[in-house]
Amino acid sequence: MKPWREEEPDERAAKLLHIAAEAPAAPPAQQWDDVVAASITPPRSNMGWAVAALLAVVLGVSVTPWSRAPEVAEVPPSPSSAVAVVVPEAGSVWRRLGDQSLLLERGRLDVDLAGNTPTHVIAGAVEIEVTTARFAAQVVNGHTTVDVVEGNVMLRFDGQRQALRAGEHFEWPRAVPSSAAVPPPPDPCDAHHGDELLACLRREAQGAGLAAETALFELAAIELRGGHPSEAVAAWSNLVRRFPDGVLHLEARLALLRTLVSTGRSAQAAEVARDFERCCSADVRATDVRRLRRQLQTPQ
Amino acid sequence: MSASVGVEHQTNALRAATHVSVDDVRRLYVELSPELRQGLARLAGPMLDPDDLLHEVFVVALRRREALGAALSPRAWLYGIAVKLTASRRRVATARRFLGLDEARSETTGDSPARTMEQRDAAHTVQRVLNALPAAKRDVVVLFELQGLSGEEISAVLGIPVQTVWTRLFHARKAFAAALARLEVTEQRTSGVAGGVS
């Protein structure tokens, strides 16, 4: 059934569908945590529209001063519990789970709590235990931040516990330090020029790890700039062979491919292209590489 | 697009288990969400946000884990939810637009960077043609031709016999070709340039 029937040979439509079907799918914009958070919220009924419209009419007719004030929800005090003032930011999704718990799914809550019994605020993946404190919790795209203004809170996250005092800030997942903030290690070959630089890079390339990989790449680039494509090809090939999953393997494969094509070594270039397709099919350049290989393999 | 080995493994795991855990659903999300999102975008057209729909599909999956666990194919079950949800949301969106409550959404949402220009153009044209098809035909074209579901899976998704799937597909292909031809003619007339729609 898959092929289009002979008596209905609309090849244009079939071809178009075939091309569209081959298009790779983009990853979703939302996170799994958002789905989980939404799944624990009771589903809203279809009457929501009607209720919203009715409320809009009522609010429109009777404009009262409190309609402009921020939404402030007072948690009703239970005999032993705290007095809490909760101020949610507009658009926040939150709710109470009994007298002693609040669940913040998305947005920001400013909480002012004074009592005897610990109250729990679940903000994303972080549980905040608090007795008397003023703090803000925020959940954005599964990322939780807590800022304590007064008092102390106890945080539980990922099996860990951490106390947070007034003036302290907490983030979960923890921010990854920017690579830009970390100074790169000094390159031992930086001080050299000309032949000394090449000799230094060759020595580095005989070593191991990232230093050797980057030395090989730079060596190849210098050889190419110096008009020695064969040496460049040798260095890049060496890099790909020794570091097939290294940080520079994609760039090395593509540079090797370009150099082989520009020097007319089509058979070798096709082989490198095929290797690229095998190892790196998810790379955005894989389609271009595939096309290039087909061109290289097409008899002139 | 393709039922990968990972999904097959998960299918068997889900079948064997009487209880589907949140983590099982999460694994399905990781494995299938790009494909489902693409399918939802094709089923829904420009009126709806595929990310919102995908979100809702998996919220349903989490809330109805027992039904998911009982399904022969979790992939087909998720597509079934996707089709029903999309149909319902399309109706609502159409009503809202009719009432002037919603603006039409932009069609350029979440393309994969790996798409070639040819694939982008083809996808754009296909989407325009799909939008012109009746829902039943659009669903079967999307599920079979674009998402790569088998006839048996589509049968499970749409709740119709397999033979009906093939019949519907035959008529849907004819309708698709006719709609494409109409679109091409319209394009030629309005642009004044000879040649097809690209």
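**Figure 1. Helix α7 of chain A and its surroundings.** In this predicted model, helix α7(A) is mostly covered, with ten of its 14 residues buried. The buried positions are H249(A), L250(A), A252(A), R253(A), L254(A), A255(A), L256(A), L257(A), T259(A) and L260(A). These buried residues pack against four helices of chain A, namely α5 (209–225), α6 (229–242), α8 (266–279) and α9 (286–297). Helix α7 of chain A covers residues 249–262, and at 1.5 Å a residue its 14 residues should span 20 Å; the C-alpha atoms at its ends are 20 Å apart, so the expected span and the model agree. After α7(A) comes G264(A), a residue with a positive phi, near 80°.

**Figure 2. A tilted aromatic pair between two strands of chain A.** Over all chains, the count of aromatic pairs comes to five. In one of them, the ring centres of F157(A) and F170(A) are 4.8 Å apart and the ring planes meet at 45°; the pair is therefore tilted, as an angle that is neither under 30 degrees nor over 60 falls into that class. F157(A) belongs to strand β6 (residues 143–157) of chain A and F170(A) to strand β8 (residues 169–172) of chain A, so this pair ties together parts that are 13 residues apart in sequence. F157(A) has a relative accessibility of 2% and therefore counts as buried. F170(A), with a relative accessible area of 1%, is buried as well. Ring pairs also bring in W172(A), linking F157(A), F170(A) and W172(A) into a cluster.

**Figure 3. An edge-to-face aromatic pair between two helices of chain B.** F144(B) and W166(B) form an aromatic pair with 5.5 Å from centre to centre and 90° between the planes, an edge-to-face arrangement. F144(B) lies in helix α7 (residues 135–146) of chain B, whereas W166(B) lies in helix α9 (residues 162–191) of chain B; the pair therefore ties together parts that are 22 residues apart in sequence. The relative accessible area of F144(B) is 7%, and this residue is buried.

**Figure 4. The helical background of chain B.** Chain B contains nine helices and zero strands. Read from the N terminus on, its elements run α-α-α-α-α-α-α-α-α. Of the 198 residues in chain B, 47% are buried. When contacts in chain B between residues at least 6 apart in sequence are considered, 68% of them join residues at least 24 apart. The accessible surface of chain B comes to about 9200 Å², and carbon and sulfur atoms account for 55% of this surface.

**Figure 5. A salt bridge between strands β3 and β4 of chain A.** Over all chains, the structure holds 18 salt bridges. One of these joins R95(A) and E105(A), whose closest N and O atoms are 3.7 Å apart. R95(A) is part of strand β3 (residues 93–96) of chain A and E105(A) is part of strand β4 (residues 101–123) of chain A, so the pair ties together parts that are ten residues apart in sequence. R95(A) counts as partly exposed, at 23% relative accessibility. E105(A) is buried, with a relative accessible area of 11%.

**Figure 6. A salt bridge between helices α4 and α5 of chain A.** The side chains of E223(A) and R202(A) meet in a salt bridge, with 2.9 Å from N to O. E223(A) lies in helix α5 of chain A and R202(A) in helix α4 (residues 194–205) of chain A, so the contact ties together parts that are 21 residues apart in sequence. E223(A) is buried, its relative accessible area being 7%, whereas R202(A), at 40% relative accessibility, counts as partly exposed.

**Figure 7. A salt-bridge network in chain B.** R27(B) and D24(B) meet through their side chains in a salt bridge of 2.6 Å, N to O. Both residues lie in helix α2 (residues 22–44) of chain B; because they are three residues apart there, about one helical turn separates them. R27(B) has a relative accessibility of 35% and counts as partly exposed. D24(B), at 14% relative accessibility, counts as buried. The pair belongs to one network, in which salt bridges that share partners join D23(B), D24(B), R26(B) and R27(B).

Technical notes. Residues are numbered from 1 along each chain as its sequence is written. Chains are lettered from A and ligands numbered from 1 in the order in which they are written. This is a predicted model: local features need pLDDT of at least 70, side-chain atom pairs count only at pLDDT 80 or more; totals for chains, interfaces and linings use all residues. Side-chain values use heavy atoms; hydrogens and water are left out. The expected span of a helix is 1.5 Å times one less than its number of residues. Buried means under 20% relative accessible area, exposed over 50%, partly exposed in between (1.4 Å probe, protein chains only). Contact means heavy atoms within 4.5 Å. Rings of Phe, Tyr and Trp (its six-membered ring) pair if their centres lie within 6.5 Å; planes under 30 degrees apart count as stacked, over 60 as edge-to-face and the rest as tilted. Accessible areas come from the Shrake-Rupley method with a 1.4 Å probe; for residues, only the protein chains shown count as cover. A salt bridge is a side-chain nitrogen of Lys or Arg within 4 Å of a carboxyl oxygen of Asp or Glu.
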